[in-house]
Amino acid sequence: MFVVVPITDVVIIKPKKFGSDIEEVIAHELNSRFSNKVLYKVGLCISLWDIKKIGDMYILHDSGSYQVVVSFRLICFRPSIDEVIIGTVKNCTPDGLHISLYFFDDIFIPADKLRHPSKFDFEQQCWIWQYEDDGESADLRIEKNDTIRFRVEQEVWQDPNPNGEKQDQNQPVSPFGNKSPYVILGSIVSDGLGLTCWWIN
């Protein structure tokens, strides 16, 4: 679910930070820049993991600040395809389920990736799995705030750079439009997946 990603970038150290511990200053600048940000095709940055190398410093003549190239590693959220995760149902719509991990909300399970057969209850705003087995049947509901286990099926990326690479024509359309740079599409079409209370025994 979490990966450590190596990155090299330029850090600007302003004159007011001169005299402070250089590694602490750089760590603070990197955390401020990357924490809780999505890097395209990398994932959601959680925090700085470590600093591997601090290069030579150069003075910027216009501001008097130091410029330094830093090699470091970030811990990022990017689950692998087919990984199984437990989250919380944030919202139910006729299109599917919106799932939250509290620190990351852009997860969606489309209606065709729910258990079959399922139907949407417009009055209660919930999904119902019409379970049948050996002549027995039951309506198993999926409602807001339920705990759900799902499998990661696909990633959908939106390049925030207008001059960046073209959108992959083979990837699905984001259910959240262009507002979310990184979306995870999930599925519960397998035994053991779905609400955790379904599989207690």
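Guide: Contact here means heavy atoms within 4.5 Å. The model is predicted: local features need pLDDT of at least 70, side-chain atom pairs count only at pLDDT 80 or more, and totals for chains, interfaces and linings use all residues. Numbering starts from 1 along each chain as its sequence is written, and side-chain values use heavy atoms, with hydrogens and water left out.

Visitor: How far apart in space are Val 11 and Tyr 66, C-alpha to C-alpha?
Guide: Val 11 belongs to strand E1; strands (E, at least two residues) and helices (H or I, at least four) are DSSP runs, numbered from the N terminus. Leaving aside residues up to four places away in sequence, Val 11 touches Ile 26, Glu 29, Leu 30, Arg 33, Tyr 66, Gln 67, Val 68 and Val 70. Tyr 66 is 55 residues from Val 11 in sequence, and the C-alpha distance between them is 8.2 Å.

Visitor: Is Val 11 buried or exposed?
Guide: Buried means under 20% relative accessible area, exposed over 50%, and partly exposed in between (1.4 Å probe, protein chains only). The relative accessible area of Val 11 is 0%, so this residue is buried.

Visitor: Which strands stand at the edges of the sheet of four strands that includes E1?
Guide: Strands of a sheet pair through backbone hydrogen bonds, either parallel or antiparallel. In this model, two strands pair if DSSP finds at least two bridges between them, and the open sheet has the antiparallel order E1-E4-E3-E2. Each edge strand has a single partner, so one side of each is left without a neighbour in the sheet; the edges are E1 (2-13) and E2 (38-39).

Visitor: Which residue in E4 stands opposite Thr 8?
Guide: E1 pairs with strand E4 (residues 66-77) in the antiparallel sense over 12 bridges. Within that pairing, the residue of E4 opposite Thr 8 is Ser 71.

Visitor: What angle does the direction of helix H1 make with that of E1?
Guide: Helix H1 (residues 22-34) packs on the sheet and touches E1, E2, strand E3 (43-59) and E4. Axes are lines fitted to C-alpha atoms, for helices over the stretch in contact, and angles run from 0 to 180 degrees between N-to-C directions. For H1 and E1 the angle is about 115 degrees.

Visitor: Which residue in the turn between E2 and E3 has a positive phi?
Guide: E2 and E3 run antiparallel and are joined by two bridges, with Val 38 opposite Leu 44 in E3. Three residues separate the strands of this hairpin. The positive phi, about 60 degrees, belongs to Lys 41.

Visitor: Which residue takes a positive phi in the hairpin of E3 and E4?
Guide: E3 and E4 run antiparallel, joined by 11 bridges, and Asp 50 in E3 stands opposite Arg 73 in E4. The hairpin has six residues between the strands. The residue with a phi near 80 degrees is Gly 64.

Visitor: How far apart are the end C-alpha atoms of residues 8-64?
Guide: UniProt lists this span, in an unreviewed entry, as "domain: RNA polymerase Rpb7-like N-terminal"; its positions follow the numbering used here, feature names are shortened, and annotations may be inferred rather than shown by experiment. The span is 23% helix and 44% strand. Its end C-alpha atoms are separated by 23 Å.

Visitor: Which side chain makes a polar contact with the side chain of Arg 115?
Guide: Arg 115 lies in the loop between strand E7 (107-110) and strand E8 (118-121) and counts as buried at 10% relative accessibility. A polar contact is a pair of N or O atoms within 3.5 Å; within protein, one must be able to donate a hydrogen and the other to accept it, and residues adjacent in sequence count only if both atoms are side-chain atoms. The Arg 115 side chain reaches the backbone oxygen of Ser 190 at 2.7 Å. The side-chain partner, at 3.1 Å, is Asp 191.

Visitor: How many disulfides does a search of the whole structure find?
Guide: A disulfide is a pair of cysteine sulfur atoms within 2.5 Å. The search result is zero.

Visitor: Which cysteine sulfur is nearest to that of Cys 76?
Guide: Cys 76 is buried, with a relative accessible area of 0%. Cys 76 is in no disulfide; the nearest cysteine sulfur, 3.9 Å away, is that of Cys 45.
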